[in-house]
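Welcome! Here is a short tour of a molecular structure, written for someone new to reading such models. Have a look at the display below and keep it in view while you read on.

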Amino acid sequence: MFAFALPMASEEGGFVPPTVSDTHLPEIFPWMAEYGTGFGKQMLMIVLSIVLISWFFTAAIKNPKLVPGKMQYLAESGYAFVRNGIGRDIIGEKNFRPWIPLLFATFFFVLLNNLFGAIPFLQLPSFSHAGSAYAMAIIIYGTWIAVGLKNHGIRYFKLAVTPAGVSPVMLILLVPLEIISNFIVRPLTHSLRLMATMLAGHIIVMLAASGARHLIVVQESLALNGVGVLVIAGSVAMYFLELLIMVLQAFVFTLLTAIYIQGALEADAH
Amino acid sequence: MNSTDFILAAGESVNPLMPNPWEILVTGVGFAVLLFIVIKVIAPKFEQSYEDRVTAIEGGLEKAEAAQKEAEETLAQYKAQLLEARTEANRIREEARSEGAQILEDLKTKATDEATRISEQAQRQISAERTAALSSLRTDVGALATELASKIVDEALKDDARAQRVVDQFLNDLEAQQNAGASN
C-alpha cells in the first residue's frame with residue numbers, strides 16, 4: 001500500500017524497491033510476537049540510547065572541575081544548550097527550572113535515537129517507527145494537560161480554547177477550531193512530524209542503497225553501472241542532509257514541548 | 001526471502017502509522033527510566049557544577065576587588081608617607097642650612113676675637129721689649145761713648161769725675177729730647 005517507487009517486479013530480476021516493512025527487522029525474540037510486532041532491533045536501540053545518555057552525562061560530570069575537561073565541556077555545552085537555549089528562552093526565567101530535566105531527557109533521547117540512523121550497522125532512526133513517536137507525544141501531551149490543570153484547575157480547558165480579546169461571535173467559530181487544533185491535531189503533528197521525517201530519511205537511504213546495488217550489480221550495461229555510482233555519490237549528500245534533519249527534528253520536538261508547557265503555565269496571559 | 005515476499009509483506013501487514021505496542025511500551029518505560037536518572041542524578045550534578053562555577057567566579061571577582069582596594073589603600077598610605085618624609089627632609093635641610101650659617105657666624109666672630117687678642121699681645125710684647133732695649137741701651141751707650149771720647153781726647157780727660165758729669169749731662173739731654181719726641 002505504501003509504494004515509494006513504481007515496482008518493476010513484473011519480470012524476474014527487475015528492481016524491487018524497499019518498502020516500509022524493511023524498517024521492521026526480524027525479531028530478536030521471535031517467540032514474543034508475530035513478525036513486525038515483537039521485540040526487535042528498534043527496541044534494543046531505544047534501550048541502548050538510554051544506557052548511552054545516562055552513562056555519558058553521568059561520567060562527564062562525575063568529578064566536575066571548575067575548568068572542565070573535553071568531555072565535561074561537551075556535556076555541559078549540551079546541557080546548557082537545552083537549559084538556556086530551549087528551557088529558559090521559551091518557558092522564561094521564572095518557571096523554567098523544574099522543566100530542565102524533562103526537556104533535557106527529551107532532547108537527547110530523540111537526538112541520539114535519530115542519530116542512530118546515521119551510524120553504520122545500527123542505521124535505523126528509532127523514531128521512524130510510529131510506536132516510539134506516539135509514546136513520546138503521549139508523554140508530552142499528558143504532561144502538558146497536567147501542567148495546565150495543576151496551574152489553572154478545570155478552567156484550563158476553557159482557557160486553552162478561548163483566545164483572549166475575541167468577540168463572542170468569533171468565539172463560536174474559533175472554539176471548535178481551537179479544540180481540534182490543541183487537543184487533537186497537536187499530539188498527532190507532534191509525533192508524526194518526527195516519525196515521518198525520520199522514516200522518509202531512512203527510506204531514502206534504503207532506496208539509494210538498493211537502487212545503487214541493483215544498477216551496479218544486476219544491470220549489465222556499463223552506462224547504468226555508472227549511474228549507480230552517481231546514485232552512491234548522491235546518497236552521500238542525502239546522508240548529510242539527513243544528519244541535519246535528525247538534529248533539527250530533535251530540536252523541534254523539544255522546542256515544541258517547551259512551547260506547550262509554557263502555554264499551559266501561562267494560559268491566562270493568552 | 002525473495003522479492004515477492006517483500007511486496008506481500010508490505011501490502012499485508014505494515015502500515016507505518018500503525019504502532020507496534022511493544023515499541024510504545026519500551027519507549028514509554030525507557031523514557032521514564034531516563035527521565036528518572038536525569039532528575040535524580042544528571043540535572044542536579046550539572047546545576048551544582050554550574051552553581052559552583054558561578055560562586056567561584058563571583059568569589060574570585062570579589063577577592064580581586066578586595067585586593068585592588070587594599071593595594072589602593074597601601075598606595076595612598078605610601079604616598080602620604082612619602083610626602084611626610086619629603087617635608088621632613090626639607091625641614092631638616094632648612095635647619096641644617098640655618099645652623100651652618102650660625103656656626104659660620106660664630107667662627108668668624110671667634111676668629112676676629114682671636115686675631116684681636118693676638119695683635120694686642122704682640123703689641124704689649126713689643127712695648128715691653130722696647131722698654132728693655134731702651135734701658136740696656138742707656139747703659140751700653142754711656143760706656144761706649146765714654147770709651148770713644150777718651151780715645152779721642154786721650155790723656156786730657158783722665159779725670160773720672162769730670163767725665164762722669166759730662167756723660168750724665170749728655171744722657172739727660174738725650175732723654176729729654178726723646179720725651180719731647182714721644183709727647184709729640
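## A residue in the core

Let us start with Ile261(A): not counting residues up to four places away in sequence, Ile261(A) touches Ile91(A), Trp99(A), Trp144(A) and Val147(A). Keep in mind as you explore that this is a predicted model.

Ile261(A) belongs to the largest nonpolar core, a group of 69 residues. Together with Leu103(A) and Phe104(A), Ile261(A) touches the most other members of that core. Which elements give two or more residues to this core? From chain A they are H1, helix H2 (70-91), helix H3 (100-115), helix H4 (130-152), helix H5 (156-161), helix H6 (168-218) and helix H7 (222-265), and H2 of chain B joins them. The most comes from H3(A), which gives eleven residues.

## Chain A as a whole

How many helices and strands does chain A have? The count is seven helices and zero strands, so along the sequence you read the pattern α-α-α-α-α-α-α. Chain A has 270 residues, and 37% of them count as buried. Now take the contacts in chain A between residues at least 6 apart in sequence: 61% of these join residues at least 24 apart.

## Three places to visit in chain A

Try finding Gly228(A) in helix H7 of chain A. Gly228(A) has 19 other C-beta atoms within 10 Å and is partly exposed, because a residue needs 20 or more to be buried. Leaving aside neighbours within four places in sequence, Gly228(A) is in contact with Ala212(A), Leu215(A) and Ile216(A). You can also look for Gly211(A), which is 17 residues from Gly228(A) in sequence and 7.3 Å from it in space, C-alpha to C-alpha.

Phe251(A) also lies in helix H7 of chain A. Is Phe251(A) buried, exposed or partly exposed? With 17 C-beta neighbours inside 10 Å, Phe251(A) counts as partly exposed. Along the chain, Phe251(A) and Ile86(A) are 165 residues apart, and 8.6 Å separates their C-alpha atoms. For a stop outside the helices, go to Arg97(A), in the loop between H2 and H3 of chain A. Arg97(A) is partly exposed, and 14 other C-beta atoms lie within 10 Å. From Arg97(A) to Gly87(A) is ten residues in sequence and 7.8 Å in space, C-alpha to C-alpha.

## Chain B and its records

Next comes chain B, with three helices and zero strands. From the N terminus on, its elements run α-α-α. Of its 184 residues, 9% count as buried.

Two stretches of chain B carry a label in UniProt. An unreviewed entry there gives "transmembrane region" for residues 24-43 of chain B. In the model, residues 24-43 of chain B are 100% helix and 0% strand, with end C-alpha atoms 26 Å apart. For residues 61-99 of chain B, the unreviewed UniProt entry lists "coiled-coil region". Residues 61-99 of chain B are 100% helix and 0% strand in the model, and their end C-alpha atoms are 56 Å apart.

## Where two helices meet

Finally, look at helix H1 (residues 41-60) of chain A and helix H2 (residues 21-153) of chain B. How do their axes lie? The axes come within 9 Å and cross at roughly 5°, which means that H1(A) is roughly parallel to H2(B).

Which residues meet here? On the H1(A) side they are Gln42(A), Met43(A), Ile46(A), Val47(A), Ile50(A), Ile53(A), Ser54(A), Phe57(A) and Thr58(A). On the H2(B) side they are Trp22(B), Glu23(B), Val26(B), Thr27(B), Gly30(B), Val33(B), Leu34(B), Ile37(B), Val41(B) and Ile42(B). Sorted by class, the contact of H1(A) with H2(B) has 13 nonpolar, five polar and one charged residues.

Methods: Residues are numbered from 1 along each chain as its sequence is written. Chains are lettered from A and ligands numbered from 1 in the order in which they are written. This is a predicted model: local features need pLDDT of at least 70, side-chain atom pairs count only at pLDDT 80 or more; totals for chains, interfaces and linings use all residues. Axes are lines fitted to C-alpha atoms, for helices over the stretch in contact, and angles run from 0 to 180 degrees between N-to-C directions. Helices (H or I, at least four residues) and strands (E, at least two) are DSSP runs, numbered from the N terminus. Angles under 35 degrees count as roughly parallel, over 145 as roughly antiparallel, 65 to 115 as roughly perpendicular and the rest as oblique. Two residues are in contact if their C-beta atoms, placed from the backbone, lie within 7 Å. Ala, Val, Leu, Ile, Met, Phe, Trp, Tyr, Cys and Pro count as nonpolar, Asp, Glu, Lys and Arg as charged, and the others, Gly among them, as polar. UniProt positions are given in the numbering used here, feature names are shortened, and annotations may be inferred rather than shown by experiment. A nonpolar core is a set of buried Ala, Val, Leu, Ile, Met, Phe, Trp, Tyr and Cys residues joined through C-beta atoms within 7 Å. A residue is buried if 20 or more other C-beta atoms lie within 10 Å of its own, exposed if 12 or fewer, and partly exposed in between; C-beta atoms are placed from the backbone.
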